[in-house]
Amino acid sequence: MRKRVKKFVPTYYAKNIYEVDPIFFKAIGVETVLLDLDNTLASYKELTASDRTKEYLKKLIDLGLKVYLVSNNRGKRVREYAESANLKYIAGARKPLRSRTKKFLKNEEIDLKGVMMVGDQILTDVYFANRLGVKILLTDKLVSEDQWTTRFNRIIDRPLRRRLHRKNKLKEWHTYGSRTEES
Ligand SMILES: [Mg+2]
């Protein structure tokens, strides 16, 4: 696969975050989880964290993982959601640009080696994480609806995803630790 395409290949893939056993993160050496918000953790219409989300986040935090929201969405939306989930956050992150997140992680004294991004978009989340040099778990979108701002990205995301799938570049999260996963 050419280098240009490599930037779009995720470390792992999951249908959605909620199917991922929190142990997975620990098992592959993750210490910090950066979560995309819209269509990864919640629908853009969910203004506050649901019980399901809170329960899942609690499992991550109980395992000693640091969890942050990293969203391109605007301040108010992200702030209100993050506060309801009791998470620190970056709003207006400008993914795939790295500077804001890099600065934030530096302030938090987070080592990039132990970081994994979780997101539903190849053009923003996967490309962003690969450029930043952190692990990335790609998910499908959580619900079918998108905010208008992401509709354009989907036009590129869909064929790209099909191609990655065809080329066997979407490594399912639950294959971690298995000997057959090496390719
Ligand atoms: Mg998203």
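Strand β6, residues 135-139, is mostly tucked away in this predicted model: four of its five residues count as buried. What does β6 pair with? On one side of the story there is β1, residues 12-14, which runs parallel to β6 and is joined to it by three bridges. Within this pairing, Tyr-13 has Leu-138 of β6 as its bridge partner.

Strand β5 is also a partner of β6, again in the parallel sense, and here four bridges are found. In this case Met-117 stands opposite Ile-136 of β6. To get from β5 to β6, the chain passes through α6, and the resulting β-α-β crossover is right-handed.

Now for the metal. Which residues hold the magnesium ion? Its coordination comes from Asp-36 and Asp-120, each through OD, and from Asp-38 through O, at 2.1 to 2.2 Å. Along the chain, these donors follow the spacing D-x1-D-x81-D. Asp-38 and Asp-120 thus link distant parts of the chain, being 82 residues apart. Asp-38 sits in the loop between β2 (32-35) and α3 (51-62), while Asp-120 lies in the loop between β5 (115-119) and α6 (122-132).

Are these two residues buried or exposed? Both Asp-38 and Asp-120 turn out to be buried. The loop that carries Asp-120 also ties the metal site back to the strands described above: it follows β5 and leads into α6, the helix through which the chain crosses to β6.

Definitions and conventions: Residues are numbered from 1 along each chain as its sequence is written. This is a predicted model: local features need pLDDT of at least 70, side-chain atom pairs count only at pLDDT 80 or more; totals for chains, interfaces and linings use all residues. Side-chain values use heavy atoms; hydrogens and water are left out. Donors are N, O and S atoms within 2.8 Å of the metal (3.2 Å for Na, K and Ca); water is not among the atoms, so sites may look incomplete. Helices (H or I, at least four residues) and strands (E, at least two) are DSSP runs, numbered from the N terminus. Buried means under 20% relative accessible area, exposed over 50%, partly exposed in between (1.4 Å probe, protein chains only). Two strands pair if DSSP finds at least two bridges between them. A crossover is right-handed if, with the strands pointing away from the viewer, the path from the first strand over the helix to the second runs clockwise.
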